[in-house]
Amino acid sequence: MTMPASKITGVGMYVPDNVVTNEDLTKIMDTTNEWIVERTGIKERRFFEEGKDTVSSMAVAATEMALERAGKKPEDIDFIVFATLSSDYNFPGSGVLLQRKLPFRNIGAIDIRTQCSGFIYALSVADQFIKSGMYKTILVVGSEVQSNVFELTDRGRNLSVIFGDGAGAVVLEATNETNKGILTTKLHSDGKFAEELYLEHPGSRRKVRFSPDMMEKGELLPYMNGKLVFMNALKYFPEVVREALAEVNLKESDIDLFIPHQANARITQAVQKELNFPDEKVVSNIDRYGNTTAASIPIALCEAWQDGRIKEGDLIALAAFGSGFLWASALIRW
Ligand code: UT7
(Lines give C-alpha, C1' and ligand atoms only; values in the text may rest on other atoms or scores of the structure.)
Protein backbone atom coordinates (compact mmCIF):
# COMPACT_ATOMS: atom_id res chain seq x y z
CA MET A 1 0.00 0.00 0.00
CA THR A 2 1.43 3.41 -0.93
CA MET A 3 1.46 6.12 1.71
CA PRO A 4 -0.76 9.11 0.90
CA ALA A 5 0.89 12.48 0.43
CA SER A 6 -0.64 15.78 1.47
CA LYS A 7 -1.31 18.71 -0.80
CA ILE A 8 -2.54 22.24 -0.26
CA THR A 9 -5.97 22.67 -1.85
CA GLY A 10 -6.98 26.08 -0.48
CA VAL A 11 -5.19 29.20 0.77
CA GLY A 12 -6.62 32.13 2.74
CA MET A 13 -5.51 35.23 4.63
CA TYR A 14 -6.76 38.12 6.69
CA VAL A 15 -5.02 41.32 7.73
CA PRO A 16 -6.56 44.05 9.92
CA ASP A 17 -7.86 47.18 8.14
CA ASN A 18 -5.71 49.44 10.33
CA VAL A 19 -2.67 50.40 8.22
CA VAL A 20 0.19 51.92 10.24
CA THR A 21 2.87 53.60 8.13
CA ASN A 22 6.44 54.37 9.18
CA GLU A 23 5.40 58.02 9.13
CA ASP A 24 2.68 57.23 11.71
CA LEU A 25 5.31 55.68 13.99
CA THR A 26 7.58 58.74 13.77
CA LYS A 27 4.80 60.68 15.51
CA ILE A 28 4.84 58.47 18.61
CA MET A 29 8.51 57.43 18.95
CA ASP A 30 12.00 58.52 18.03
CA THR A 31 12.38 56.79 14.66
CA THR A 32 12.49 57.65 10.97
CA ASN A 33 11.07 56.23 7.76
CA GLU A 34 14.63 56.03 6.40
CA TRP A 35 15.94 53.95 9.35
CA ILE A 36 13.07 51.46 9.10
CA VAL A 37 13.18 51.12 5.30
CA GLU A 38 16.97 50.84 5.13
CA ARG A 39 17.32 48.29 7.90
CA THR A 40 14.22 46.18 7.27
CA GLY A 41 12.46 47.08 3.99
CA ILE A 42 9.21 47.72 5.90
CA LYS A 43 7.02 50.65 4.80
CA GLU A 44 3.80 49.84 6.62
CA ARG A 45 2.17 47.12 8.71
CA ARG A 46 -1.31 46.28 10.03
CA PHE A 47 -2.26 46.66 13.70
CA PHE A 48 -5.30 44.90 15.14
CA GLU A 49 -8.29 46.83 16.42
CA GLU A 50 -9.30 45.88 19.94
CA GLY A 51 -12.88 44.60 20.05
CA LYS A 52 -12.71 43.64 16.36
CA ASP A 53 -9.66 41.49 15.66
CA THR A 54 -8.20 38.69 17.76
CA VAL A 55 -5.77 35.93 16.86
CA SER A 56 -8.67 33.49 16.61
CA SER A 57 -11.06 35.85 14.79
CA MET A 58 -8.42 36.62 12.17
CA ALA A 59 -7.81 32.88 11.86
CA VAL A 60 -11.54 32.38 11.23
CA ALA A 61 -11.48 34.87 8.35
CA ALA A 62 -8.38 33.28 6.80
CA THR A 63 -9.89 29.81 7.29
CA GLU A 64 -13.17 30.72 5.59
CA MET A 65 -11.27 31.90 2.54
CA ALA A 66 -9.09 28.78 2.45
CA LEU A 67 -12.10 26.46 2.90
CA GLU A 68 -14.04 28.14 0.11
CA ARG A 69 -11.09 27.89 -2.28
CA ALA A 70 -10.64 24.22 -1.37
CA GLY A 71 -14.38 23.59 -1.89
CA LYS A 72 -14.65 22.34 1.71
CA LYS A 73 -16.95 22.97 4.63
CA PRO A 74 -15.85 23.16 8.29
CA GLU A 75 -17.52 19.74 8.81
CA ASP A 76 -15.03 18.23 6.32
CA ILE A 77 -12.00 19.15 8.46
CA ASP A 78 -10.52 16.34 10.59
CA PHE A 79 -7.99 18.30 12.65
CA ILE A 80 -6.68 21.82 13.34
CA VAL A 81 -3.02 22.77 13.70
CA PHE A 82 -2.70 26.37 14.88
CA ALA A 83 0.67 28.17 14.93
CA THR A 84 0.94 31.29 17.09
CA LEU A 85 3.12 32.92 19.73
CA SER A 86 0.33 35.30 20.69
CA SER A 87 -2.69 33.16 21.51
CA ASP A 88 -5.84 34.95 22.71
CA TYR A 89 -5.42 33.47 26.22
CA ASN A 90 -2.39 32.09 28.07
CA PHE A 91 -4.38 28.88 27.99
CA PRO A 92 -6.22 27.24 26.36
CA GLY A 93 -4.59 27.77 22.98
CA SER A 94 -6.24 29.48 20.03
CA GLY A 95 -6.92 26.18 18.20
CA VAL A 96 -10.00 25.53 20.33
CA LEU A 97 -11.20 29.12 19.93
CA LEU A 98 -11.10 28.65 16.18
CA GLN A 99 -12.82 25.27 16.56
CA ARG A 100 -15.80 26.83 18.38
CA LYS A 101 -16.23 29.74 15.99
CA LEU A 102 -17.09 27.67 12.90
CA PRO A 103 -19.30 24.57 12.61
CA PHE A 104 -16.42 22.09 12.90
CA ARG A 105 -17.04 18.68 14.44
CA ASN A 106 -15.44 18.02 17.86
CA ILE A 107 -12.12 17.49 16.11
CA GLY A 108 -8.69 17.73 17.73
CA ALA A 109 -6.94 21.10 17.80
CA ILE A 110 -3.34 21.78 18.77
CA ASP A 111 -1.33 24.96 19.10
CA ILE A 112 2.25 25.05 17.84
CA ARG A 113 4.63 27.40 19.66
CA THR A 114 7.63 27.69 17.41
CA GLN A 115 7.40 31.42 16.60
CA CYS A 116 8.76 32.43 13.18
CA SER A 117 9.09 28.78 12.16
CA GLY A 118 5.57 28.08 13.42
CA PHE A 119 3.80 27.69 10.10
CA ILE A 120 6.33 25.23 8.65
CA TYR A 121 6.33 23.22 11.88
CA ALA A 122 2.50 23.19 11.78
CA LEU A 123 2.52 22.12 8.14
CA SER A 124 4.96 19.33 8.93
CA VAL A 125 2.85 18.06 11.85
CA ALA A 126 -0.25 18.03 9.64
CA ASP A 127 1.68 16.29 6.85
CA GLN A 128 2.69 13.46 9.21
CA PHE A 129 -0.92 12.94 10.34
CA ILE A 130 -1.99 12.66 6.70
CA LYS A 131 0.90 10.38 5.70
CA SER A 132 0.13 8.06 8.62
CA GLY A 133 -3.47 7.77 7.41
CA MET A 134 -4.90 9.14 10.67
CA TYR A 135 -6.54 12.17 9.03
CA LYS A 136 -7.47 13.13 5.47
CA THR A 137 -8.18 16.85 5.65
CA ILE A 138 -6.40 19.23 8.01
CA LEU A 139 -6.58 22.96 8.55
CA VAL A 140 -3.19 24.62 9.15
CA VAL A 141 -3.22 28.19 10.45
CA GLY A 142 -0.73 30.88 11.41
CA SER A 143 -2.11 33.94 13.18
CA GLU A 144 -0.55 36.68 15.30
CA VAL A 145 -1.40 39.83 17.23
CA GLN A 146 1.96 41.37 18.11
CA SER A 147 1.39 45.11 18.04
CA ASN A 148 0.47 44.98 21.73
CA VAL A 149 3.48 42.85 22.79
CA PHE A 150 5.96 45.52 21.78
CA GLU A 151 5.93 49.01 23.20
CA LEU A 152 5.22 51.90 20.85
CA THR A 153 7.71 54.11 22.66
CA ASP A 154 11.36 55.13 22.34
CA ARG A 155 12.52 52.25 24.54
CA GLY A 156 10.47 49.75 22.50
CA ARG A 157 11.34 51.15 19.06
CA ASN A 158 14.00 48.54 18.15
CA LEU A 159 11.29 45.85 17.92
CA SER A 160 7.94 47.60 17.63
CA VAL A 161 8.70 49.00 14.16
CA ILE A 162 9.35 45.50 12.78
CA PHE A 163 6.36 43.39 13.73
CA GLY A 164 2.75 43.35 12.51
CA ASP A 165 -0.55 41.51 12.88
CA GLY A 166 -2.37 39.13 10.51
CA ALA A 167 -3.37 35.56 9.71
CA GLY A 168 -3.05 32.95 6.99
CA ALA A 169 -4.52 29.47 6.58
CA VAL A 170 -4.29 26.47 4.27
CA VAL A 171 -6.37 23.34 3.78
CA LEU A 172 -4.17 20.27 3.49
CA GLU A 173 -5.67 17.14 1.92
CA ALA A 174 -4.56 13.57 1.37
CA THR A 175 -3.70 12.69 -2.22
CA ASN A 176 -2.59 9.49 -3.91
CA GLU A 177 -1.06 11.36 -6.87
CA THR A 178 2.66 10.64 -7.13
CA ASN A 179 5.24 13.42 -6.87
CA LYS A 180 2.58 15.89 -5.68
CA GLY A 181 2.13 17.98 -2.57
CA ILE A 182 4.57 18.20 0.32
CA LEU A 183 7.75 16.42 -0.78
CA THR A 184 9.63 16.93 2.47
CA THR A 185 9.88 19.11 5.57
CA LYS A 186 13.01 19.75 7.63
CA LEU A 187 12.80 20.93 11.25
CA HIS A 188 15.64 22.12 13.51
CA SER A 189 16.36 23.85 16.79
CA ASP A 190 19.29 25.02 18.90
CA GLY A 191 18.00 25.88 22.36
CA LYS A 192 21.25 27.39 23.52
CA PHE A 193 20.04 30.55 21.83
CA ALA A 194 16.63 30.56 23.56
CA GLU A 195 17.29 33.84 25.36
CA GLU A 196 18.56 35.66 22.24
CA LEU A 197 15.01 36.34 21.07
CA TYR A 198 12.48 35.81 23.83
CA LEU A 199 9.86 37.16 26.17
CA GLU A 200 10.55 36.02 29.72
CA HIS A 201 7.46 37.24 31.55
CA PRO A 202 4.85 36.31 32.54
CA GLY A 203 6.47 32.86 32.59
CA SER A 204 6.25 30.16 35.24
CA ARG A 205 9.81 30.42 36.58
CA ARG A 206 9.01 32.95 39.28
CA LYS A 207 6.57 32.80 42.19
CA VAL A 208 5.17 36.12 41.03
CA ARG A 209 4.62 35.97 37.32
CA PHE A 210 3.72 39.58 36.81
CA SER A 211 4.08 42.83 38.74
CA PRO A 212 3.67 46.55 38.01
CA ASP A 213 7.38 46.84 38.80
CA MET A 214 8.25 44.52 35.91
CA MET A 215 6.16 46.66 33.62
CA GLU A 216 7.91 49.84 34.72
CA LYS A 217 11.36 48.33 34.21
CA GLY A 218 10.43 47.16 30.73
CA GLU A 219 10.79 43.50 31.74
CA LEU A 220 7.53 42.62 30.04
CA LEU A 221 8.98 43.51 26.66
CA PRO A 222 10.51 40.92 24.33
CA TYR A 223 14.28 40.97 23.90
CA MET A 224 16.07 40.38 20.61
CA ASN A 225 19.80 40.24 19.92
CA GLY A 226 19.16 41.54 16.41
CA LYS A 227 22.66 41.14 15.00
CA LEU A 228 23.04 37.55 16.24
CA VAL A 229 19.61 36.61 14.88
CA PHE A 230 20.51 38.24 11.57
CA MET A 231 23.83 36.37 11.27
CA ASN A 232 22.29 33.01 12.08
CA ALA A 233 19.38 33.60 9.71
CA LEU A 234 21.88 34.10 6.86
CA LYS A 235 23.46 30.75 7.71
CA TYR A 236 20.41 28.61 8.35
CA PHE A 237 17.95 29.81 5.66
CA PRO A 238 20.14 28.54 2.77
CA GLU A 239 21.31 25.48 4.71
CA VAL A 240 17.82 24.21 5.47
CA VAL A 241 16.65 24.78 1.88
CA ARG A 242 19.67 22.85 0.56
CA GLU A 243 19.07 20.05 3.06
CA ALA A 244 15.49 19.62 1.81
CA LEU A 245 16.57 19.72 -1.84
CA ALA A 246 19.27 17.10 -1.25
CA GLU A 247 16.76 14.74 0.31
CA VAL A 248 14.57 14.68 -2.78
CA ASN A 249 17.44 14.90 -5.29
CA LEU A 250 16.58 18.35 -6.59
CA LYS A 251 18.73 21.44 -6.99
CA GLU A 252 18.38 25.14 -6.32
CA SER A 253 17.60 25.92 -9.97
CA ASP A 254 14.62 23.49 -9.83
CA ILE A 255 12.78 25.81 -7.44
CA ASP A 256 10.09 27.90 -9.16
CA LEU A 257 9.12 30.04 -6.19
CA PHE A 258 10.83 30.72 -2.86
CA ILE A 259 8.57 31.90 -0.03
CA PRO A 260 10.68 32.75 3.01
CA HIS A 261 9.45 33.88 6.40
CA GLN A 262 9.29 37.66 6.07
CA ALA A 263 11.78 38.62 8.79
CA ASN A 264 13.69 41.40 7.09
CA ALA A 265 14.02 42.35 3.39
CA ARG A 266 17.81 42.40 3.82
CA ILE A 267 17.81 38.81 5.05
CA THR A 268 15.62 37.73 2.12
CA GLN A 269 17.90 39.52 -0.36
CA ALA A 270 21.05 37.93 1.07
CA VAL A 271 19.51 34.45 1.05
CA GLN A 272 18.22 35.00 -2.49
CA LYS A 273 21.74 35.92 -3.60
CA GLU A 274 23.28 32.92 -1.84
CA LEU A 275 20.79 30.55 -3.52
CA ASN A 276 20.99 32.29 -6.92
CA PHE A 277 17.27 33.01 -7.21
CA PRO A 278 16.23 35.76 -9.65
CA ASP A 279 13.72 38.33 -8.28
CA GLU A 280 10.74 36.71 -10.00
CA LYS A 281 11.32 33.52 -8.02
CA VAL A 282 11.18 35.20 -4.59
CA VAL A 283 8.10 36.40 -2.71
CA SER A 284 8.55 39.48 -0.54
CA ASN A 285 5.67 41.44 0.99
CA ILE A 286 7.36 42.66 4.17
CA ASP A 287 7.10 46.24 2.86
CA ARG A 288 3.31 46.05 3.41
CA TYR A 289 2.92 43.84 6.48
CA GLY A 290 6.18 43.87 8.45
CA ASN A 291 7.12 40.65 10.20
CA THR A 292 3.95 38.73 11.12
CA THR A 293 5.84 35.75 12.63
CA ALA A 294 3.81 32.52 12.16
CA ALA A 295 1.41 34.27 9.78
CA SER A 296 4.03 35.57 7.37
CA ILE A 297 4.49 32.48 5.20
CA PRO A 298 0.78 31.61 4.74
CA ILE A 299 0.01 35.28 3.95
CA ALA A 300 2.84 35.40 1.38
CA LEU A 301 1.75 32.04 -0.04
CA CYS A 302 -1.84 33.24 -0.33
CA GLU A 303 -0.85 36.46 -2.10
CA ALA A 304 1.49 34.61 -4.47
CA TRP A 305 -1.35 32.23 -5.37
CA GLN A 306 -3.81 35.11 -5.86
CA ASP A 307 -1.31 36.92 -8.07
CA GLY A 308 -1.07 33.84 -10.33
CA ARG A 309 2.58 33.24 -9.38
CA ILE A 310 1.93 29.57 -8.53
CA LYS A 311 1.11 27.10 -11.30
CA GLU A 312 0.27 23.41 -11.26
CA GLY A 313 3.50 21.40 -11.05
CA ASP A 314 5.63 24.26 -9.69
CA LEU A 315 8.23 23.50 -7.04
CA ILE A 316 7.69 25.82 -4.07
CA ALA A 317 10.25 26.19 -1.27
CA LEU A 318 9.27 27.55 2.15
CA ALA A 319 11.89 28.42 4.77
CA ALA A 320 11.93 30.10 8.16
CA PHE A 321 14.30 31.03 10.95
CA GLY A 322 13.65 32.72 14.28
CA SER A 323 13.17 32.60 18.03
CA GLY A 324 14.32 29.36 19.66
CA PHE A 325 16.48 29.35 17.62
CA LEU A 326 14.24 27.24 15.44
CA TRP A 327 14.46 26.90 11.68
CA ALA A 328 12.63 24.85 9.08
CA SER A 329 11.91 24.30 5.41
CA ALA A 330 9.32 22.61 3.21
CA LEU A 331 9.34 21.65 -0.46
CA ILE A 332 5.98 21.48 -2.18
CA ARG A 333 5.15 20.22 -5.67
CA TRP A 334 1.99 22.23 -6.40
O1 UT7 B 1 11.46 37.02 12.64
C2 UT7 B 1 12.22 36.94 13.81
C3 UT7 B 1 13.63 36.97 13.50
N4 UT7 B 1 14.13 38.31 13.56
C5 UT7 B 1 14.99 38.74 12.66
O6 UT7 B 1 15.31 38.03 11.73
C7 UT7 B 1 15.64 40.09 12.90
C8 UT7 B 1 17.10 40.03 12.57
N9 UT7 B 1 17.77 41.30 12.87
C10 UT7 B 1 17.55 42.42 12.17
O11 UT7 B 1 16.77 42.41 11.26
C12 UT7 B 1 18.33 43.67 12.55
O13 UT7 B 1 19.28 43.35 13.54
C14 UT7 B 1 17.43 44.83 13.03
C15 UT7 B 1 16.63 45.39 11.87
C16 UT7 B 1 16.51 44.36 14.11
C17 UT7 B 1 18.28 45.97 13.61
O18 UT7 B 1 19.25 46.37 12.68
P19 UT7 B 1 20.75 46.62 13.16
O20 UT7 B 1 21.48 47.09 11.99
O21 UT7 B 1 21.23 45.35 13.81
O22 UT7 B 1 20.58 47.81 14.19
P23 UT7 B 1 20.97 47.90 15.75
O24 UT7 B 1 19.99 47.14 16.56
O25 UT7 B 1 22.42 47.59 15.92
O26 UT7 B 1 20.76 49.42 16.01
C27 UT7 B 1 21.55 50.41 15.32
C28 UT7 B 1 21.18 51.78 15.85
C29 UT7 B 1 21.25 51.89 17.36
O30 UT7 B 1 21.73 53.17 17.67
P31 UT7 B 1 23.29 53.40 18.05
O32 UT7 B 1 23.52 52.53 19.24
O33 UT7 B 1 24.06 52.97 16.84
O34 UT7 B 1 23.35 54.86 18.31
C35 UT7 B 1 19.81 51.80 17.81
O36 UT7 B 1 19.55 52.46 19.01
O37 UT7 B 1 19.82 52.07 15.51
C38 UT7 B 1 19.10 52.49 16.66
N39 UT7 B 1 17.69 52.07 16.51
C40 UT7 B 1 16.77 52.83 15.91
N41 UT7 B 1 16.83 54.04 15.32
C42 UT7 B 1 15.71 54.51 14.76
C43 UT7 B 1 17.11 50.91 16.93
N44 UT7 B 1 15.81 50.91 16.58
C45 UT7 B 1 15.58 52.07 15.94
C46 UT7 B 1 14.43 52.63 15.34
N47 UT7 B 1 14.54 53.85 14.76
N48 UT7 B 1 13.24 52.00 15.32
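**Helix H5 across the four-stranded sheet.** In this predicted model, helix H5, which comprises residues 118-131, lies across strands S8, S12 and S13 and runs at about 125° to S8. The sheet beneath this view is an open one of four strands, arranged in the order S8-S13-S12-S11 with mixed pairing. Its edge strands are S8 and S11 (257-260), each of which pairs on one side only, and the twist from one strand to the next averages 10°.

**Strands S11 and S12 with helix H11.** S11 and S12 run parallel and are joined by four bridges; within this pairing, Phe258 has Ala317 in S12 as its bridge partner. Helix H11, residues 296-306, lies across S11 and S12, and its direction makes about 150° with that of S11.

**The five-stranded sheet and helix H3.** A second close-up shows an open sheet of five strands in the order S1-S7-S6-S4-S5, again with mixed pairing. Strands S1 (5-14) and S5 (108-112) stand at the edges with a single partner strand each, so one side of each is left without a neighbour in the sheet. Direction ignored, neighbouring strands of this sheet are turned by 20° against each other on average. Helix H3, residues 55-70, lies across S1, S4, S6 (137-144) and S7 (166-175), running at about 125° to S1.

**Strand S4 between its two parallel partners.** Strand S4, residues 79-83, pairs with S5 in the parallel sense over five bridges, and S4 and S6 likewise pair in the parallel sense over five bridges. Towards S5, Val81 stands opposite Ile110 and Phe82 has Asp111 as its bridge partner, while towards S6 Ala83 stands opposite Gly142. In a regular strand the side chains alternate between the two faces of the sheet. In S4, Phe79, Val81 and Ala83 point one way, whereas Ile80 and Phe82 point the other way, and all are buried. S4 is accordingly described as mostly covered, with five of its five residues buried. The chain crosses from S4 through H4 to S5, and this β-α-β crossover is right-handed.

**Helix H4 on the five-stranded sheet.** This view returns to the pairing of S4 and S5, which is parallel. Helix H4, residues 94-101, packs on the sheet and touches S4, S5 and S6, with its direction making about 130° with that of S4.

**A tilted ring pair, Phe129 and Tyr135.** Aromatic pairs in the model, counted by the distance between ring centres, where the limit is 6.5 Å, come to ten. In one of them, the rings of Phe129 and Tyr135 have their centres 5.3 Å apart and their planes at 55°, so the pair is tilted. Phe129 counts as partly exposed at 22% relative accessibility, whereas Tyr135, at 18%, counts as buried, the cut-off for burial being under 20%.

**A stacked ring pair, Phe193 and Phe325.** The rings of Phe193 and Phe325 have their centres 4.6 Å apart and their planes at 20°, so the pair is stacked. The two residues are 132 residues apart and link distant parts of the chain, with Phe193 in the loop between S8 (181-189) and S9 (197-198) and Phe325 in the loop between S12 (315-322) and S13 (326-333). Both Phe193 and Phe325 are buried. Ring pairs also draw these residues into a cluster, linking Phe193, Tyr236, Phe321, Phe325 and Trp327.

Notes: Residues numbered from 1 in each chain as written. Predicted model: local features only at pLDDT ≥ 70, side-chain atom pairs only at ≥ 80, totals over all residues. Heavy atoms only, no water. Pairing = 2+ DSSP bridges. Axes fitted to C-alpha atoms, helices over the stretch in contact; angles between N-to-C directions. Contact = heavy atoms within 4.5 Å. Buried < 20%, exposed > 50% of the residue type's maximum accessible area, 1.4 Å probe, protein only. Right-handed = clockwise from strand over helix to strand, strands pointing away. Phe/Tyr/Trp six-rings, centres within 6.5 Å; stacked < 30°, edge-to-face > 60°.
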